[in-house]
Amino acid sequence: MNLQKSQKHLLKQTSQRLKRLRKNKHLSQKGVAARCEMDFGSYTNIENSKRNITLFTLQKILMALNVSFKEFFNFKGF
């Protein structure tokens with residue numbers, strides 16, 4: 001797999017994981033965005049694989065979802 005495809009795959013897997021965790025906690029995108037103090041559009045773009053995020057943004061989202069980094073990265077698909 002070339003680098004560009006690998007990066008797109010990683011972004012998609014990360015986005016899908018965030019979405020799945022959010023839904024499992026019965027939270028809306030607006031609710032998570034508010035907890036992270038980010039606008040709704042930015043959060044939606046993250047879940048739709050349209051925006052790459054920093055580790056700091058990921059940390060905010062995981063804190064809002066009450067999920068550790070260890071738990072978040074404990075999934076198959078990479």
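Start by selecting F69, which is partly exposed, with a relative accessible area of 33%. Keep in mind as you look around that this is a predicted model. F69 has its place in helix α5, which covers residues 69-72, so colouring that helix will help you keep your bearings while you stay with this side chain.

Next, add F73 to the selection. Like its partner on this stop, F73 counts as partly exposed, here at 40% relative accessibility. Now show both rings as sticks. How far apart are the centres of the F69 and F73 rings, and at what angle do their planes lie? The centres are 6.2 Å apart and the planes meet at 10°, so this pair is stacked; planes under 30 degrees apart count that way.

Stay with F73 and bring in F72. These two rings have their centres 4.9 Å apart and their planes at 80°, so the pair is edge-to-face. The cut-off for that label is over 60 degrees. Is F72 buried or exposed? F72 is buried, with a relative accessible area of 0%.

With F69, F72 and F73 all on screen, you are looking at a cluster linked by ring pairs. A search of the whole structure turns up 2 aromatic pairs.

Now switch on the surface and add L55. Together with F69 and F73, L55 makes a nonpolar surface patch of about 290 Å². Rotate until these three residues face you, and the patch made by L55, F69 and F73 can be viewed in one go.

For the next stop, select K30 and F40. K30 lies over the face of F40, at 5.5 Å from the ring centre. Looking down onto the F40 ring is a good way to see K30 over its face.

Finish at V32, in helix α2, which spans residues 29-36. V32 counts as buried, at 0% relative accessibility, so hide the surface before you go looking for this residue. Which residues does V32 touch, leaving aside those up to four places away in sequence? The contacts are R22, L27, Y43, I61, A64 and L65. Pick I61 from that list and draw a distance between the C-alpha atoms of V32 and I61: they are separated by 7.1 Å, although the two residues are 29 residues apart along the chain.

Technical notes: Residues are numbered from 1 along each chain as its sequence is written. This is a predicted model: local features need pLDDT of at least 70, side-chain atom pairs count only at pLDDT 80 or more; totals for chains, interfaces and linings use all residues. Side-chain values use heavy atoms; hydrogens and water are left out. Rings of Phe, Tyr and Trp (its six-membered ring) pair if their centres lie within 6.5 Å; planes under 30 degrees apart count as stacked, over 60 as edge-to-face and the rest as tilted. Buried means under 20% relative accessible area, exposed over 50%, partly exposed in between (1.4 Å probe, protein chains only). A charge sits over a ring if NZ of Lys or CZ of Arg is within 6 Å of the ring centre and within 35 degrees of the ring normal. Helices (H or I, at least four residues) and strands (E, at least two) are DSSP runs, numbered from the N terminus. Contact means heavy atoms within 4.5 Å. Patches are made of residues with over 30% relative accessible area and no salt bridge: like charges are joined within 9 Å, nonpolar side chains (Val, Leu, Ile, Met, Phe, Trp, Tyr) within 5 Å. Accessible areas come from the Shrake-Rupley method with a 1.4 Å probe; for residues, only the protein chains shown count as cover. A salt bridge is a side-chain nitrogen of Lys or Arg within 4 Å of a carboxyl oxygen of Asp or Glu.
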